[in-house]
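I opened a fresh notebook page for this one. Come along and look over my shoulder as I go.

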2 protein chains.
Amino acid sequence: MSTHQLHLTILGCYAGAPGAYKNTTSQVLNIRNHLFLIDCGEGTQVALRRNKIKFSSIHHIFISHLHGDHFFGLMGVINTFSLLKRTKPLTIYGPVGIKEIVLLQLKLTETYTSYPLHFSELDSKTPTVIFENDKLTVTTIPLKHRIYANGFLFQEKIGERKLDINTCLNLEIDKVYYSKIKQGGDVTLDNGTVIKNSEITFDPAPAKSYAFCSDTRYKESIIPQIKGVTVLYHESTFLESHAHLCKPTGHSTAAQAAQIASKAAVEHLILGHFSTRYGDLSLFIKEAAPYFKNVDIAEDGKTFVF
Amino acid sequence: MSTHQLHLTILGCYAGAPGAYKNTTSQVLNIRNHLFLIDCGEGTQVALRRNKIKFSSIHHIFISHLHGDHFFGLMGVINTFSLLKRTKPLTIYGPVGIKEIVLLQLKLTETYTSYPLHFSELDSKTPTVIFENDKLTVTTIPLKHRIYANGFLFQEKIGERKLDINTCLNLEIDKVYYSKIKQGGDVTLDNGTVIKNSEITFDPAPAKSYAFCSDTRYKESIIPQIKGVTVLYHESTFLESHAHLCKPTGHSTAAQAAQIASKAAVEHLILGHFSTRYGDLSLFIKEAAPYFKNVDIAEDGKTFVF
């Protein structure tokens, strides 16, 4: 896969209890050749199999909050990785308590993992970088739900500038300078001429970003953090007809999600975490469209490419 | 449904990790109008929905042992019962530790049940009656697995004798004696003649019984307890080709399950808990048949009637 594409596969996009053919929240983000598993509703491992996602490529699992429809499938994933004799480390990022839940069950089942299992327990109420390497960062997005909940912002780093190889050859620039040039440096030729970096490089591919925001009430304070992201996945549990349920349950409507998308000027909005009470999901698009045009709805088993 | 039929619906019959279309252990026994849920592999609630089993009719859940493929779906069932605003009590029977696992997750998810949730934690290593009413009993069947495990024996009680109403009328027996007669009593007529109970009653319907034995190694000491049961479900994780794995993993082959069925002189044998490594399940029948003829294999979504 090109490192310039961001692939998002929806394993489950429904709220509360799974239906006979409706999965609760789980998704896989493929970004810069990392496969990040986000939330683990019951049946996640089965959905991974059905979507032919390679278990051994998953090294990081992010759990937004400790409601069952977002983590009851986690133990199954952890257990099956052992049955498959995994040896590579796995790190789980989630609210404080997730470690106790997992370790208690490992202890009582007397089945220990075949691989190192790490936990990064979260309790911060401000955005916090929880993963970083040379290609990307993952930062928490504090949400407003009934219990402690985080969204996650996955951000590519801007890569090196691309060498204009023909110009470099014409100018007879020595290869030893190429690394410096890709990092933005100018070059002074033997005759003293200074070649500006912009004359011998192209801009790098734009850095893409994905913001996962579920579950949450309408929360304007997240807007500065998700400003201009490539894709925003924002929960929209309800349609306007049930807007009165948002406050007591800590959820949003499609219109509210679209207003966040608009105010944050994101490129694309994906709606998800639908209450299973609704039959016609196109109504979510209809209610979001007046506020934000570039909107799509999640669907179990669907892969979005950006 | 007739109270003389025993219905067994297989929700899942595979071992270890679920496959894309293979569920781990769970089944529903309908006996004397009780719906007993036995084991709860991940995805049990979805399988219940797909098999159109009414959630509100389940009042008792029996967990054989604390391996994930037998209980990772329990939290989902407990949670969904609350989302459905259940009010009737639910009792969970399972190894010591099951209560701690459930209560920790309820505490951390801050979602308490809408109904009374009771636990009957098991640690006895001898057969123990864990449920009894006027129609039936449920008794543990201590098994031999890698960790503490019980099978469960569901036994109907023999009902009252059936009145031969025509004979009673001909003999002008007063109705006040009917109750005594149904319980097996003789009757003395006004003229002093003693009428033997057998002359005025028919035998009651035979008491049926179901023995669930999974997971376990070949264990002859269970034979006296399951002698002559109507149906034995015995695990057969392996075929002969993998018989060497039985001892280290605490499982049985199809041939071993059939030998137990034969020695216990049960009426029917159902094989289940198949390793997902096998493609052709008819081989399990083939390997069992030399030892026990009346054998069938479990199948996700299949209902057996006895």
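**Before starting.** I count two strands as paired if DSSP finds at least two bridges between them. I also remind myself that I am looking at a predicted model.

**Entry 1: a run of strands in chain B.** With that definition in hand, I looked up strand β15 (residues 231-235) of chain B and found that five bridges join β15(B) to β16(B). These two strands run parallel. Which residue of β16(B) is the bridge partner of H234(B)? I found L271(B) there.

Then I checked the pairing of β16(B) with strand β17 (residues 295-297) of chain B, which is also in the parallel sense, over three bridges. On β16(B), L269(B) stands opposite V295(B) in β17(B).

Is β16(B), residues 268-272, mostly covered or mostly open? I noted that four of its five residues are buried, so I wrote "mostly covered", taking buried to mean 20 or more other C-beta atoms within 10 Å.

**Entry 2: the nonpolar core.** Next I asked which residues have the most contacts inside the largest nonpolar core. The core has 144 residues, and the answer is L232(A) and L232(B). I followed L232(B) to its neighbours, leaving out residues up to four places away in sequence. L232(B) touches A211(B), C213(B), I226(B), A261(B), A264(B), V266(B) and L269(B). I had already met L269(B) as the residue opposite V295(B).

**Entry 3: chain A as a whole.** I stepped back to chain A and listed 11 helices and 18 strands. Its C-alpha atoms fill a box of roughly 75 × 55 × 35 Å along the principal axes. Of its 306 residues, 43% count as buried. I also looked at contacts in chain A between residues at least 6 apart in sequence, and 64% of them join residues at least 24 apart.

The domain assignment splits chain A into domain 1 (6-159 + 205-305) and domain 2 (162-202). I noted 43 Å between the centres of these two domains, taken over C-alpha atoms.

**Entry 4: one lysine.** Where is K293(A) found? I traced K293(A) to the loop between α11 (282-288) and β17 (295-297) of chain A. Why does K293(A) count as exposed? K293(A) has 11 other C-beta atoms within 10 Å, and the limit for exposed is 12 or fewer. I also compared positions with I147(A), 146 residues away along the chain, and the C-alpha atoms of the two are separated by 31 Å.

**Entry 5: where the chains meet.** I turned to the contact between the chains, where 31 residues of chain B are in contact with 31 residues of chain A. On the chain B side, the elements giving two or more residues are α1 (44-50), α3 (74-83) and α4 (98-109). The largest share, six residues, comes from α4(B). By class, I have 12 nonpolar, 14 polar and five charged residues on this side of chain B.

**Entry 6: how the copies are related.** Last, I looked up the superposition of chain B on chain A: a rotation of 179° with 0.1 Å of shift along its axis, at an RMSD of 0.3 Å. The two copies are therefore related as by a two-fold rotation axis. The same surface serves both copies, as 100% of the contact residues of chain B recur in chain A. Which residue of chain B comes closest to the rotation axis? I wrote down G43(B), whose C-alpha is at 2.9 Å.

Methods. Residues are numbered from 1 along each chain as its sequence is written. Chains are lettered from A and ligands numbered from 1 in the order in which they are written. This is a predicted model: local features need pLDDT of at least 70, side-chain atom pairs count only at pLDDT 80 or more; totals for chains, interfaces and linings use all residues. Domain bounds come from an automatic or database domain assignment. Two residues are in contact if their C-beta atoms, placed from the backbone, lie within 7 Å. Ala, Val, Leu, Ile, Met, Phe, Trp, Tyr, Cys and Pro count as nonpolar, Asp, Glu, Lys and Arg as charged, and the others, Gly among them, as polar. Copies are superposed by least squares on the C-alpha atoms of residues with pLDDT of at least 70 in both. A nonpolar core is a set of buried Ala, Val, Leu, Ile, Met, Phe, Trp, Tyr and Cys residues joined through C-beta atoms within 7 Å.
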